[in-house]
Amino acid sequence: MKIDILSIFPDMFSGVTGNSIIKKAIENERVAVEVTDFREYAEGKHHIVDDYPYGGGAGMLLKAQPIFDAVQAVKEKQPETKPRVILMDPAGKRFNQKMAEEFAEEEHLVFICGHYEGYDERIREHLVTDEVSIGDYILTGGEIGAMIVMDSVIRLLPGVLGNKDSAVTDSFSTGLLEHPHYTRPADFRGMKVPDILLSGNHAWIEEWRDKESLKRTYERRPDLLKNYPLTDKQKTWLKEWSDSK
């Protein structure tokens, strides 16, 4: 996968790309990440990327020209692909695991990280394929949001995680929150690991995990169960918990 990031603060990404899983993914050539300062594409001697909005109002808007030209430039470097051009914006669609899995199937992603009050609307209408928000709050720019999306996508790429099943069993990947985990010692200061996990019976353990995953989702994120395809056994468990309240 190729990931291009367009930002007027490219140095913000050095910590993310130079550490942990993303660094290893780059070194192992699972992903190539390039950060471009789109100020370099701004016309004029002073390379100005923002301007006042027509009709007045507070704040400055990012101009269309620098971003259009920067996107065109990164596309020309990889003409054989048709990239998803992702605008990080609080008005975008709420990012979730399903979207991360969808992006992970692509060959080329381009992230546009804004600053100031917003974007010239022609960027949304004629340039981007996806508008993405990481939540209902405002940040000073799109860089942190892009880092979050990039991290969640890269970890899904083949060969990035050491254990191929890690991403499959993560919270939200199955539609439910992940079940509890324990490691050694089995008894830590009187706090014991559930006996079933020590039983060696894999069928029992899988059922326990399924039940605990459902229970955690029911207690913490019941909204996730609205359209979840429950089995008959899971329906029985939910009824038991509901009746016991």
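**Helix 7 and some salt bridges: worked exercises**

The buried residues of helix 7 pack against helix 8 (232-243). "Buried" means under 20% relative accessible area, "exposed" over 50% and "partly exposed" in between (1.4 Å probe, protein chains only); contact means heavy atoms within 4.5 Å. This is a predicted model, with pLDDT of at least 70 needed for local features and 80 or more for side-chain atom pairs, while totals for chains, interfaces and linings use all residues. Residues are numbered from 1 along each chain as its sequence is written, and side-chain values use heavy atoms, without hydrogens and water.

**Exercise 1.** Check the span of helix 7 and list its buried residues.

*Solution.*
- Helix 7 covers residues 202-220, 19 residues in all. Helices are DSSP runs (H or I, at least four residues) and strands likewise (E, at least two), numbered from the N terminus.
- The expected span is 1.5 Å times one less than the number of residues, so helix 7 should span 27 Å; its end C-alpha atoms are 27 Å apart, in agreement.
- Buried in helix 7 are Ile205, Trp208, Ser213, Leu214, Thr217 and Tyr218.

**Exercise 2.** Describe the surroundings of serine 133.

*Solution.*
- Start with the element: serine 133 belongs to strand 8 (residues 130-133).
- Next, the exposure: serine 133 counts as buried because its relative accessibility is 3%.
- Finally, the neighbours: beyond those within four places in sequence, serine 133 contacts Asp89, Pro90, Gly92, Lys93, Arg94 and Phe95.

**Exercise 3.** Set out the salt bridge between glutamate 106 and arginine 84.

*Solution.*
- A salt bridge is a side-chain nitrogen of Lys or Arg within 4 Å of a carboxyl oxygen of Asp or Glu. Here the closest N and O atoms of glutamate 106 and arginine 84 are 2.9 Å apart.
- This pair links distant parts of the chain, 22 residues apart: glutamate 106 lies in the loop between helix 4 (97-103) and strand 6 (108-113), arginine 84 in strand 5 (residues 84-94).
- Glutamate 106 has a relative accessible area of 24%, so it is partly exposed; arginine 84, with 14%, is buried.

**Exercise 4.** How many residues apart in helix 8 are aspartate 243 and lysine 239?

*Solution.*
- They are four residues apart, so about one helical turn separates aspartate 243 and lysine 239.
- An α-helix has 3.6 residues a turn, so residues three or four places apart point the same way.
- The side chains of aspartate 243 and lysine 239 form a salt bridge of 2.8 Å, N to O.
- Lysine 239 is exposed, with a relative accessible area of 53%.
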